[in-house]
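Q: I am new to this structure. Please take a close look at one pair of packed helices and tell me how the two meet.

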Amino acid sequence: MKAMADLLWLIPALPFAGALLLVLFGNRISRGLVTAIGTGSVGVSAAITLLLGIEYLSSQPAYYHQEVWNWFSVAGFNPSIAFHLDALSMVFIFVITFVGFLIHIYSTEYMAEDADYSRFFACMNLFVGSMLVLVMADNLLLLYLGWEGVGLCSYLLIGFWYKEPANGYAARKAFIITRVGDTAMAIGLFMLFQAFGTLHIQTISTEAVQLWDTGAQMAVIIAFLLLGGAVGKSGQLPLQTWLPDAMAGPTPVSALIHAATMVTAGVYLIARMHVIFELAPVAMMAVAAIGAVTLLIAGFAALTQYDLKRVLAYSTISQIGYMFLALGVGAWSAGVFHFMIHAFFKALLFLCAGAIILALHHEQDMRKMGGLRTSMPVVFWTFLIGAASLAAFPLVSAGFYSKDQILWLQLAGENGSVWLYAAGLLGAFVTSIYTFRMVFITFYGEAKTHVGHQPTMAIKVPLIILGVLSLLGGFIELPHNFGHVVLFSDFLSPILPAVSVVPGFDQYEWMLQVLAAVVSLGGIYIAYLFYLSKPELLASIHRSNTAMAVHRFWHSGWGFDKLYDTLLVRPYVFLANVNKRDVIDGFYTGLARVAEGFHMMLSDTQSGVLRNYVAGIVVGAIMILTISIFL
Amino acid sequence: MILVWLIVILMAGGLLAWLAQRWHRASPRWIALGSVLATLGTTVYLWLAMPSATLGASPWLLQYDLPWIPQWGVSFSLALDGLSLLMLLLTFFLGLVAILISWKEIKNKVGFFHFNLLWVLAGITGVFLTMDLFLFYFFWEVMLIPMYFMIGIWGHENRNYAAYKFFIFTQASGLLMLLAILGLYFIHGSQTGTYTFNYFALLNTALAPEAALLLMFGFLAAFLVKLPVVPFHSWLPDAHSEAPTAGSVILAGLLLKTGAYGLLRFVLPLFPTAAVEFAPWAMLLGVIGIIYGAILAFSQTDLKRLVAYTSVSHMGFVILGVFAFNELALQGVVMQMITHGLSTGALFILAGFLYERLHTRDIRLMGGFWSKAPKMGVVALVFVMASLGLPGLGNFIAEFLTLVGSWQANNVLTIFATIGLVMATAYSLRIMQKVFYEPAAVEQPELPDLTSREMLIAAPMIAGILWLGLYPQPVLDLAKPSVQEQLQSFVPSVENKTIVGRQTAFTTTTTDTVYFQITKGITYERK
C-alpha cells in the first residue's frame, strides 16, 4: 500500500492550511466554521496518522520517506522539504496529533467567550503544523524550521491576551531565552555541515560513526551545542526560567505547548541525534547531570507555589528532567516512553486545571480553591488519575511504569550511577508530595470560591480519554519481572539502541521497585499529614524564619530570574539606553563643530574695521620679514 | 540596447513627470507608474526569456558598448548578468512600491518629486549595469543628488540636517573612490599603453601589493559608507528617519545594496590579494556592525530610527559574508540584499502608514494597535519575524547561508555574528510589543486599518518574502554564475586559463555586440 505513505505530507500540511485559512478569513466567517477548520484540520491529521500507524505496524517498513520539494541547493548544500517517518517520529506525531486534537476540542469550550476565537485557533494550528514538521523533518535545517516555528507560536500564544503587559513580557522572555539555545544549536548545525557537507539526519547518523571515534573533540562540541538547543526548548537548567512564566497563556496552550509537546522537542532532538551523543560520553554525562539537577530544583520549586498552573509548570520542568536523565544514561526508549506517558497525564492535569480556572472565574491561586471534590466530580476523578500518574502511584498508574524504568536503569544501566539514582529517587519523593499537596488543597477542605461554569462535554470527553490513557498507557511496557511487556521498546528498537544492563543485577530489581513504591506512597502520606490531617505541622513551618527563607528562595525558582536580570538583562538595557544617541555620531558632530569653529574665527576677522585690517597687514609683513631674515 | 532603454525610460519619464505637472496635477504619478511598470515588465521579460542554459556558459546575458569619450578610454558600456538582473528586479519592484506609497503621502511639488524618484532609480539602474568605471562613478553621483532633494524637500522635521549629512558622507567617500578609479586607470594605462576605464580590461591589471591595498581602500571607502559599516554608519539613521516613506524605502532597499554590489563586483575581482589581506578586519567590522546596530536598535523610540539601526545590523551580515570568499556565504549575501530590501522596505512602509494616521513616529505614543488594525498587525508580524530571521521567510535563508559560509572562514567571528540573532529577537519583538500589543500610555485617536491600496502594496511583499523563504532556488540559480565569477580568483581552479572565446547566446537586437570574454589570469589560492 504505497498510497497511504503518499499522504505523509498532508499530516503537517493540513494544520498549516487551517492556520492560513483562519488568518485570511478568520474574521469574516462564523464561529462554527472556525471551529470546523481549526479542530477539523488537526482531526484529519490525527486520522491519517492513525491509518499510517496501523499500516506501519502491519507492514513494518524501516521508515516512510517523502520529498515534497527541494528547498534550495547551493554549493552542495541542498536540504529538501522532505519528511522521514520512522518509529521515533511515529510516537511523536501520534502524541502531537491526538493530544493536539483533544486539546483543540477542549478549547472550543474554553475559548468560547473569547473575542479572538479565530486568532487562537490559527495560532494553535500553526503550532501543530510546525511541531509536526519538527519531528518529521529528514534534515536538520527543516527541523530547525519547525523548531523556530513552534517558538513563534509559543510566543504568540503566551502573549495571546496581549493587553496585559506582563503577558507580553512572558512571551518575549520565552522567545528570547529559547533563542539563546537555538543560537547554540545553529552553531552546531554549521559544524555538522562543515564535517559532513549535509544536514541530512540519516546520512549524518551513518557517517558519524565512521568519521569520529568515541570522544572525538568535534563530536563532543557538536553534542554540547545541540544540547544547548535542547535545554532552551525543554526548559532545563540553565535556560529553564521562561517556562513558569509561559503559563500566562490560555490553559489549553499550557497543556499542549508547554507540557505535552513543544517542551519535549529537546528530548526528541537528543534522541534523534543519539549517534552523535553516543560518540560524546562527556555530553551524555552532562545530559544526565542537567536532568538530575533540574528535576530536583524544579521539584522543590513546585513545592512552594500557590498558583495551580505554576505548580504544574515546575512539575513539567522536573519531569522533562527525568527524560533527560534517561537519555543521559543511554536509556533512549525509556526517555521517549516517559515523554509519551507524561504527555498524557500532564495534558490531563493542565486541562483539569483549566476546567477549574474557568469554573472559578479565572482564579488560579490554590489558596482560594478548595472543596471542589464534590462540586466538580469528573474533574476531581480525572485530576486524581493524572496526579497518581505524576506521583508514580504504584501498579495502577502509567507514570509508575515509565518512571520506574528510568530509575531502574540509573542503577542497572551501564552508564548509570548511584548519584543519579539517588537524585531521581529524591525527586520522586518530592514529586508525590507536591502533587498531592495540589490535590488536597484544591479538592478537599471547604469551598472558598463559588463554582460558576460547569464543564460540558467538550471539556469532559477529552479529560476522560486522557484519564484512560494515563491509567492504561503504562501497560504497553512492563518490567521483565512483572509481566514483561516490551511492546514500546520493541517498537523503537530499530531506531534507538537498547541500553546495556549490568549483568547479574536483575535479581535486585524488585527491591528497587518496592523502594520506588514506598517513596511515592510516603510522599502522598506526608502531603496528607501536612495539608489535610494535621495543618498545625504546616503552621509550625510558617513560624520558622529559616524555613520561610528557604520557602521564598524556592518560590522564586531558586533566584535564577534575579540572577539573569542582574547579570544580563539590566546591563544590556543600560548599555542600550546609555548609548541611545550613538557615541560614534558624536565624533562626526564634533568634526562638524570644529569646522564651524574655524569658520566663526575666520569670519570674525571680516569685521570691516579698517584699522584691524591695517594692523593685520603690518603684523603679517613683520612676520614674513622675520621669517625670511632668520631662514 | 534594452539595457540603455531601461535607463532612458526612467530618465525621460522623470523629465516628463516634472513637465506634466503643469497640465494636470495627478499626471506625474501616472507617468512615473507607467515608466516603472515598463522597466519592471522588461526585466521580468528578460528574466523569464533567459534560457537557463545560457547562464551556465557565461555569466553575461546582455552587453552593450558605445564609445563615449574615446580619447580618455571612456565608453558607455553596460552589461547584464544574473546578479545585476536580480538587483534590477528588486530596484523596479521597490520603485513601484515607492510610487504607490507616495500616491497619497506626497502633496506638494508632485512633479519634481517623481522626477527625483525616477532619477534615483535611473542612477541605481546604471550602477547595477555599467561596466565602465568612469560611467560607474557618474551613476554613483546621479543616485546621490535626487536623493538629497528627496530628503531635503519632502522629509520630516529635521530634514535639512539629515540631507546635508547624507550628502557629505556619500560625496566625501565617493571622491575617495574617484581617486582610486583614477589611480587604477593610470596604473593600467602605464603598464599596457591603453588608457581605459573598461572593467574587463582593468581586471587584468597587475598591481603591487601596497598599491592594491591603497586603491582597494579608495573603493571600500565608498562602499562601506554606503553599506553602511560601523563606524561609518551615522548618516544612515538620520537620513532614513527624516526621509519621506518612499525615500526610506529606496535608501534601505536599494541604495545600501549598491554598496554591497560594489563590494561583490569591484572589490573582490579587482583586488583579490588585498581583499584576502583585509578580510579578517572586514569580517570584524561586520560583526561589530551586527552587534552595535542591534544594541542601538533596541533603545530607539523613533520607529523609523529603530528600523534604520536594524539595517546597520543586517548589513553587517553582508560584509561578513563577502569577505568569507565562498559560494555559500556569497549566495547568502545576494539573498540578504534582496530579502533585506523587502523586509526593511516593508517595515519603513508600515512606519509610513502609521505616520500618515498618527503624525508621529514615536513608539511611546503608540500601543494596542492589534485590536484596532488587525491587518496591519499581521503584516507587521510577518516582517518583524523576517527581520529576526524566522525560518520559512527569506531572511533566514540569507542569514543561514551567510553564517554557514562564514563559519568555514572564521569560527570565532561567526559565533559572535550568530549571537546577533538573539539581539535581533530582542529589538524585533520590542516593535510588536510597543506598537501592537501593549496598550498605549496616552489616549489614541482612531486608527483605521489598512486600505485596499495599502494591502495591494503589502500583500505582494509578504508573498515575496515567503516565496524567498520556501523556494529561493530561482534566485540562487540566477546569481550562481555571477557569484562563481566573482570568486574565480579565490578558489584554486583547475580550469584551463587560456583565452577562451565565448559568445553570449542571448542577442535580442543586432546592435548588441558579441563579446569575447577573457578569463582572468590571476589565480589566488587561499591557505
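A: Here is the helix pair, set within its chain and followed by the contact between chains.

The model is predicted. Start with chain B. This chain holds 20 helices and two strands. Its C-alpha atoms fill a box of roughly 70 × 60 × 40 Å along the principal axes. A compact globule of 527 residues would have a radius of gyration near 24 Å, and chain B agrees, with 22 Å. Buried residues account for 60% of the chain. Of the contacts in chain B with a separation of 6 or more, 80% join residues 24 or more positions apart.

Now the pair. Helix H7 of chain B spans residues 159-192, and helix H10 of chain B spans residues 235-242. Their axes come within 8 Å and cross at roughly 135°. An angle from 115 to 145 degrees counts as oblique, so H7(B) and H10(B) are oblique to each other. The crossing is left-handed. From H7(B), the contact uses B:Arg159, B:Tyr161, B:Ala162, B:Lys165, B:Phe166 and B:Phe169. H10(B) answers with B:Trp235, B:Asp238, B:Ala239 and B:Glu242. Six of these contact residues are nonpolar and four are charged, with no polar ones.

Chain B also touches chain A. That contact takes 42 residues from chain B and 39 from chain A. On the chain A side, the elements giving two or more residues are strand S1 (64-70) and helices H6 (140-158), H7 (165-196), H26 (560-578) and H27 (583-605). H7(A) gives the most, with 13 residues. The chain A side divides into 22 nonpolar, ten polar and seven charged residues.

Notes: Residues numbered from 1 in each chain as written. Chains lettered and ligands numbered in written order. Predicted model: local features only at pLDDT ≥ 70, side-chain atom pairs only at ≥ 80, totals over all residues. Axes fitted to C-alpha atoms, helices over the stretch in contact; angles between N-to-C directions. Helix = DSSP H or I, 4+ residues; strand = E, 2+ residues; numbered from the N terminus. Parallel < 35°, antiparallel > 145°, perpendicular 65-115°, else oblique. Left-handed = near helix turned anticlockwise from the far one by under 90°. Contact = placed C-beta atoms within 7 Å. Nonpolar A, V, L, I, M, F, W, Y, C, P; charged D, E, K, R; others polar. Rg over C-alpha atoms; globule rule 2.2 N^0.38 Å. Buried ≥ 20, exposed ≤ 12 C-beta atoms within 10 Å, placed from the backbone.
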